[in-house]
Amino acid sequence: MKVRKIVTIVEEIHAEGGRRVDPPARVAIVAAVIANPWIGLGFVEDLGPGIDSTASDLGALLAPRVLDALDATAEAYGKAAIVGLDGEIEHGSGLIHTLKFGDHFRRAAQATTLLPAVEKRGPAGVLFDIPLKHITDATIRSHHQTVEVRIADAPHADEIVVALAAAAQGRPQQRLAPLSSEQ
């Protein structure tokens, strides 16, 4: 795995809807900008070897960093893979949609649900949203949220941005009724 850079973003929301948020709502994102392991190989039928050589190391790199940046217990989480223009969306999907990657975050966050994800292809500076859901119950509406991310110089055409996001709470000022109230 060739890492060009790691970007860490921490967002604190102090007010929402004209009301104070106390304590501030925290969301952390850690993204690794890596060389796409399949670039230059033409169409690769079996992505397995590239996944095996990259996904677990990538999960082990990002999971502790995002939780350290959050500096709180994670209640919601998500992931992203943004592939540069010379790659395939399947390249990003291959890296993040495997237990070799995701289990690092699940174990570190003591989570049991699947990580919600976004994957897309785009140029350097492409804007993307990472969806977040509750770490143990994806039906908890208060924790359905997104965080917007942009890395000005990534991904290059031959790179992939792989990111993890964690939130210490649900949406600030959330007040929707539980899903069970509609069943």
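Helices here are DSSP runs of H or I with at least four residues, strands are DSSP runs of E with at least two, and both are numbered from the N terminus. The model is a predicted one, so read everything below in that light.

## How H1 and H3 meet

Let's start with a helix pair. H1 covers residues 48–70 and H3 covers residues 99–109. Their axes come within 7 Å and cross at roughly 25°. Angles under 35 degrees count as roughly parallel, and H1 and H3 are therefore roughly parallel to each other. The crossing of H1 past H3 is right-handed.

Who makes the contact? On the H1 side, the list runs Asp 52, Ala 55, Ser 56, Leu 58, Gly 59, Ala 60, Leu 62, Ala 63, Val 66 and Leu 67. H3 answers with Lys 100, Phe 101, His 104, Phe 105, Ala 108 and Ala 109. Sorted by character, the residues of this contact come out as 11 nonpolar, 3 polar and 2 charged.

## The buried side of H3, and what follows

Several H3 residues are buried: Phe 101, Gly 102, His 104, Phe 105, Arg 106 and Ala 109. Some of these turn up again in the contact with H1, including Phe 101 and His 104. H1 isn't the whole story, though, as the buried residues of H3 pack against H1, S3, H2 and S7. Just past the end of H3, Gln 110 takes a positive phi of about 55°.

## H2, tucked inside

How much of H2 is buried? For this helix, 6 of the 8 residues are buried, so H2 is largely enclosed by the rest of the structure. The buried ones are His 91, Gly 92, Ser 93, Gly 94, Leu 95 and Ile 96. They pack against a mix of helices and strands, namely S2, H1, S3, H3, S4 (117–121) and S7.

Thr 98 sits in the loop that runs from H2 (89–96) to H3. Is Thr 98 buried or exposed? Its relative accessible area is 18%, and the cut-off for buried is under 20%, so Thr 98 counts as buried. Setting aside neighbours within four places in sequence, Thr 98 is in contact with Ile 51 and Ala 55. Ala 55 also belongs to the H1 side of the contact with H3.

## Strand pairing around S5

Now for the strands. S5 (residues 127–134) pairs with S3 (residues 76–83) in the antiparallel sense, over 2 bridges. In that pairing, Ala 76 has His 134 of S5 as its bridge partner.

S5 also pairs with S6 (residues 145–150), again in the antiparallel sense but over 6 bridges. Here Leu 127 stands opposite Arg 150 of S6.

## A loop residue with distant contacts

Ile 39 is in the loop between S2 (19–35) and H1. With a relative accessible area of 29%, Ile 39 is partly exposed. Leaving out residues up to four places away in sequence, Ile 39 touches Asp 86, Gly 87, Ala 157 and Asp 158. One of these contacts spans quite a stretch of chain: Ile 39 and Ala 157 are 118 residues apart in sequence, yet 9.3 Å apart in space, C-alpha to C-alpha.

## Backbone oddities

Most residues other than glycine have a negative phi, and most peptide bonds are trans. A few spots in this model go the other way.

Where are the cis bonds? One joins Asp 22 to Pro 23, with omega about 0°, and Pro 23 belongs to strand S2. Another runs from Ala 154 to Pro 155, with omega near 0°. Pro 155 is in the loop between S6 and S7 (159–167).

As for phi, Asp 71 has a positive value of about 55° although it is not a glycine. Asp 71 lies in the loop between H1 and S3 and is exposed, with a relative accessible area of 63%. Gln 173 is a further case, with a positive phi near 65°. Gln 173 lies in the segment after S7 and is partly exposed, at a relative accessible area of 27%.

How values were computed:
Residues are numbered from 1 along each chain as its sequence is written. This is a predicted model: local features need pLDDT of at least 70, side-chain atom pairs count only at pLDDT 80 or more; totals for chains, interfaces and linings use all residues. Side-chain values use heavy atoms; hydrogens and water are left out. Axes are lines fitted to C-alpha atoms, for helices over the stretch in contact, and angles run from 0 to 180 degrees between N-to-C directions. Angles under 35 degrees count as roughly parallel, over 145 as roughly antiparallel, 65 to 115 as roughly perpendicular and the rest as oblique. A crossing is left-handed if the near helix is turned anticlockwise from the far one by less than a right angle, and right-handed if clockwise. Contact means heavy atoms within 4.5 Å. Ala, Val, Leu, Ile, Met, Phe, Trp, Tyr, Cys and Pro count as nonpolar, Asp, Glu, Lys and Arg as charged, and the others, Gly among them, as polar. Two strands pair if DSSP finds at least two bridges between them. Buried means under 20% relative accessible area, exposed over 50%, partly exposed in between (1.4 Å probe, protein chains only).
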